[in-house]
Amino acid sequence: MSQSGVDAIAGADVAALTTPAAIGVVGAAGLYGRWLMDLFGGLYPEAEVIGIDADGDSTAKTEFVAKCDVVVFSVPIPITPAVIREYTALLDPCRAAPLWMDVTSLKAPAATALREAHPRVEAVGLHPMCSPPPTNSLDGRVLVVSENGVLARWGAWFAEFLVKIGGRQVHLGALQHDKLMSLVQAGCHAGWLAQAKLWSQIVPDLGGLEQVGGCPSAPFSFYIWFTRTPSPCLVSSHLISSRRVTPHTLHTACDEN
């Protein structure tokens, strides 16, 4: 990351590095939540990493908010704004502003909720354009960073975090991100559904699934998934954009749907 990028995130003060004593993940039981727990535990062994479910009891939520200096919301898109607002209401207005982040693939609703929490929190949106990687790094993958105001207290720490996490980082506004993602994801879905439709026309002429079922290609596996799932449009764009579309992942998606 360039120095100009660091300065843009950190604002006027990039010298003083605020260090979190506790880092929290809301939605820690989910697939991405578990990866985030491992990520922060690996990158910051000196910090306590705390996980909580979005629907945890009120006492646990209050203690979580009071203790965590950095919080990442990793919950389903439809409930993210409401969860952020619920946790905002639990903040002690006298404490130093924590850093809150979200990792949803739809940025504008979460960004609005995070702006409402300002100045009690500093906030930034993240969108890792992949499924959870097998390592504590996004090397070789794209991370969208959506700034949500100047990080006066957390700018230097966040800039260091971006260096540690790696990957190709793209800075986009929330609305700009959402418009772009709608096109990217629609294109991915349309392309794979078109291939599934093509296979549906070819397979009967080849003798049916019994004759060609061992074909190892990802598009063919997607066809099998397409023919067996009740909601083919629910195929995860992350399987596609993360370059992890394989016969195994598509058969897994089939089994899960």
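## Cysteines

Across the whole structure, which is a predicted model, a search finds zero disulfides. Two of the cysteines can be described by how much of their surface is accessible: Cys68 has 0% relative accessibility and therefore counts as buried, since buried means under 20%. Cys94, by contrast, reaches 73% relative accessibility and so counts as exposed, because exposed means over 50%.

## The chain as a whole

The protein chain contains 11 helices and seven strands, and of its 257 residues 48% count as buried. When contacts with a separation of 6 or more are considered, residues that lie 24 or more positions apart in the protein chain account for 72% of them. The protein chain exposes about 12000 Å², and carbon and sulfur atoms supply 59% of that area.

## Strands 5, 6 and 7

Strand 6, residues 142-147, pairs with strand 5, residues 122-128, and these two strands run antiparallel, joined by five bridges. One residue pair illustrates this arrangement: Leu126 has Val145 in strand 6 as its bridge partner.

Strand 6 also pairs with strand 7, residues 168-171, but here the sense is parallel and the pairing extends over four bridges. Within this second pairing, Leu143 stands opposite Gln169 of strand 7. To pass from strand 6 to strand 7, the chain goes through helix 6, residues 155-165, and the resulting β-α-β crossover is right-handed. As a general point for reading such strands, the side chains in a regular strand alternate between the two faces of the sheet.

Terms used. Residues are numbered from 1 along each chain as its sequence is written. This is a predicted model: local features need pLDDT of at least 70, side-chain atom pairs count only at pLDDT 80 or more; totals for chains, interfaces and linings use all residues. Side-chain values use heavy atoms; hydrogens and water are left out. Buried means under 20% relative accessible area, exposed over 50%, partly exposed in between (1.4 Å probe, protein chains only). Contact means heavy atoms within 4.5 Å. Accessible areas come from the Shrake-Rupley method with a 1.4 Å probe; for residues, only the protein chains shown count as cover. Two strands pair if DSSP finds at least two bridges between them. A crossover is right-handed if, with the strands pointing away from the viewer, the path from the first strand over the helix to the second runs clockwise. A disulfide is a pair of cysteine sulfur atoms within 2.5 Å.
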